[in-house]
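Dear colleague,

I am handing over the structure we spoke about, and below it you will find my notes on what turned up. Please read them with the structure open beside you.

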Amino acid sequence: MSDAHLTERPVDGGSDPVELTEEPIELSRRDPAQEPERRPVSRRRKIVLAALLAAGLAGAGVLGLGGWRVLQQKDTTLGQPTEVAGLVRDDSERARSTADYLRDGLAADIELDRGYGAVYSDRGDAKRSVLLFGGTTLLWQPERDLDTLFGLMADETGRVAGLREVDAGRLGGVMKCGTTSGDGGDFAVCGWADHGSVVMGMFPGRTVDAAAALFRDIRESVQTR
């Protein structure tokens, strides 16, 4: 073994020196000419993609909100308190028969899990008794089903005039009122629907505005979730 320092050893003359050039050293064997051309994303395309993403997020939010509303409203019960909104429940045979008739007529058009029918009398005027009928079930499109019921009522009693949406109150859903005709003349008719219930009410001797306010009070007393 030589005692010469490593730096003093002669370089092996059998190898050619490596020449360094200004060209970059290719580390990949792929041919750049065969690579697909990468086109820059235009500003317009970016805007479209951003709009689609925003719409997708908004749609997901709507679905989430709608799903939460269904879960919140689907388990509804309807009670028949002895007194409600200044009215007293009428338990006479005639009242029961009337409520059952109306309830069964509605159930023939909408499949209900549990039917509901009640008559509430006005202490001051027996002719202003309020008739309620409907029931509970899962409704995916409450407003559509409520409009269907108003259409059926129009077929039985004549058209429902001036039908309009009114404030549904703290229980939400949709509530509408209008006027129709009966044996005693014109009277107000209202209905509410949410994802768990649908109920119609007849209000002889009351204006639409008065009926809407009374119907809202009745609902908040008889409906629980």
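**Strands, a disulfide and a pocket**

Asp-122 has Asp-125 in strand 5 as its bridge partner, and this pair is a convenient place to begin, with the reminder that the model is a predicted one. Strand 4, residues 114-122, and strand 5, residues 125-136, run antiparallel and are joined by 8 bridges, while the hairpin that leads from strand 4 to strand 5 passes through 2 residues. Strand 5 also pairs with strand 9, which covers residues 197-203, again in the antiparallel sense and over 6 bridges; if you would like a position to look for in that pairing, Leu-132 stands opposite Gly-201 of strand 9.

To place these strands in the whole chain, it helps to know that the secondary structure comes to 4 helices and 10 strands, and that the order of elements from the N terminus is α-β-β-β-α-β-β-α-β-β-β-β-α-β. Of the 225 residues in the chain, 32% are buried. Among the contacts with a separation of 6 or more, 60% are between residues 24 or more positions apart. The chain exposes about 15300 Å², and carbon and sulfur atoms supply 52% of that area.

The next point concerns the cysteines, where the count comes to 1 disulfide. Cys-177 is joined to Cys-190, with a distance of 2.0 Å from S to S, and the torsion about this S-S bond is about 110 degrees, so the disulfide is right-handed. Because Cys-177 lies in strand 7 (residues 174-182) and Cys-190 in strand 8 (residues 185-193), the pair ties together parts that are 13 residues apart in sequence. Are these two cysteines, Cys-177 and Cys-190, buried or exposed? Both Cys-177 and Cys-190 are buried.

Finally, there is the largest pocket, which holds about 680 Å³ of space. Its lining is made of 24 residues, and those nearest the centre of the pocket are Thr-98, Lys-127, Ser-129, Leu-131 and Pro-204. Which element gives the most to this lining? Strand 5 does, with 6 residues, so to speak the strand with which these notes began. Helix 2 (93-107), strand 4, strand 5, strand 7 and strand 8 each supply at least two residues of the lining, and you may therefore wish to follow these elements one after another as you look at the pocket.

With best wishes

Key. Residues numbered from 1 in each chain as written. Predicted model: local features only at pLDDT ≥ 70, side-chain atom pairs only at ≥ 80, totals over all residues. Heavy atoms only, no water. Pairing = 2+ DSSP bridges. Disulfide = S-S within 2.5 Å. Buried < 20%, exposed > 50% of the residue type's maximum accessible area, 1.4 Å probe, protein only. Contact = heavy atoms within 4.5 Å. Areas by Shrake-Rupley, 256 points an atom, 1.4 Å probe, with all protein chains shown as cover. 1 Å grid on protein atoms, 1.4 Å probe; cavity = no way out; pocket = protein on both sides within 12 Å on 5 of 7 lines; lining within 4 Å. Points joined across faces, edges and corners; volume = space filled by probe spheres on them.
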